[in-house]
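Reader: I would like a close look at a single strand and the elements around it, with the cut-offs behind each term stated. Could you take me through that part carefully and then set it within the rest of the chain?

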Amino acid sequence: MRDPKRVAVLISGRGSNMQALVEQPRGYDVVLIASNKPHAAGLDWVRARGLPTWAWDSKGVDKQRWDQALSRALESHRVGTIALAGFMRILSPWFISKWPGRIVNIHPSLLPNYRGLDTHQRAIDARDELGGCSVHIVTEELDAGEVLGSAEVPIEEGDSAETLEQRVLAAEHSLYPRILSEFVQR
Ligand code: GRF
C-alpha cells in the first residue's frame, strides 16, 4: 500500500534540498533516497546516517528498464510521494503515469518564468527585480505542472548567477519542507 506520508527523495548531485527534507520531517518521513548517480555527493551524507538508499547508474541503461527498477524500489518501501531534488533526469511518461500527481519537484525560478536550465542568469539578464524558487507537480511537460508554492528572492545590484543562486538555495531549504508537509495531506 502506498502511503503519501512516506516520501522518497530523488537526487543526482550534492543533495542540499534532500538534506533539508530529511532534517525537517514535518508530517512526512523520508524513507528512501534514490539516485541515478551512484557517486552523487549527497549519497555520502545519506549513507553516513544509515538511511536507506537505492542507486543505479542510468548511463547506457534503457530508459524504461531503469524507470521500472526505480518504481519497484519505491513500491517495496511503500512510498506514496516522490520528491525530486536536483534530480537531473527526465522521467519517462510511463513512470509519471504510474505515479499520477504524486511526484513533486523544486525549481530555482518563479514558475512559470524560466523553465529549464540557467534560471538565475536568465533572470539577471532580463533585469528582473525578483528571482526565487517554486515547488510544482511533475507532469510530462518539463517544469509545467501545478505550482504548489513559491518563495521570492530580491535580485540585488551586482548579483551574479552564483550569488543569486546561494540566496535562492537558502529559500529552497525552507520552502520545500513546508510545501511538502502540506502536499502529503492531499
Ligand atoms: C536546486 O537549485 C534545485 O532547485 C534544482 O537543482 C538544485 C539542486 O541542488 N532543481 P541540491 O542538490 O538540492 O543542493
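**A covered strand and its neighbours**

Author: Ile103, Asn105 and His107 point one way from strand E5, while Val104 and Ile106 point the other way, and all of them are buried (buried is under 20% relative accessible area, exposed over 50%, and partly exposed in between, with a 1.4 Å probe and protein chains only). In a regular strand the side chains alternate between the two faces of the sheet. E5 spans residues 103-107 and is mostly covered, since 5 of its 5 residues count as buried; helices (H or I, at least four residues) and strands (E, at least two) are DSSP runs numbered from the N terminus.

The model is predicted, so that local features need pLDDT of at least 70 and side-chain atom pairs count only at pLDDT 80 or more, whereas totals for chains, interfaces and linings use all residues. Residues are numbered from 1 along each chain as its sequence is written, and side-chain values use heavy atoms, with hydrogens and water left out.

E5 has a parallel partner in strand E4, residues 79-84, to which it is joined over 3 bridges (two strands pair if DSSP finds at least two bridges between them). One contact in this pairing is that of Leu84, whose bridge partner in E5 is Asn105. Between these strands in the sequence comes helix H4, residues 93-98, and E4, H4 and E5 together make a right-handed β-α-β unit (right-handed if, with the strands pointing away from the viewer, the path from the first strand over the helix to the second runs clockwise).

E5 also pairs with strand E6, residues 130-137, but here the two strands run antiparallel and 4 bridges join them. Ile106 finds its bridge partner in E6 at Val135. E5 thus has a parallel pairing with E4 and an antiparallel pairing with E6.

After E5 the chain enters a loop that leads to helix H5, and Asp118 has its place in that loop. In contrast to the buried residues of E5, Asp118 is exposed, with a relative accessible area of 60%. Its C-alpha atom lies 27 Å from that of Asp44, a residue 74 positions away along the chain.

Strand E2, residues 29-35, offers a second covered strand to set beside E5, for 6 of its 7 residues are buried. It runs parallel to strand E1, residues 3-11, and 6 bridges join the two; within this pairing, Arg6 stands opposite Asp29 in E2. The chain crosses from E1 through helix H1 to E2, and this β-α-β crossover is right-handed. E2 also pairs in the parallel sense with strand E3, residues 53-55, over 3 bridges, and there the bridge partner of Ser35 is Ala55. Helix H2, residues 41-48, joins E2 and E3 in another right-handed β-α-β unit.

These parts belong to a protein with 6 helices and 7 strands, which read along the sequence as β-α-β-α-β-α-β-α-β-α-β-β-α. Taken along the principal axes, its C-alpha atoms fill a box of roughly 50 × 35 × 30 Å. Over the whole chain, 51% of the 186 residues count as buried, and that is the setting for E5, with 5 of 5 residues buried, and for E2, with 6 of 7.
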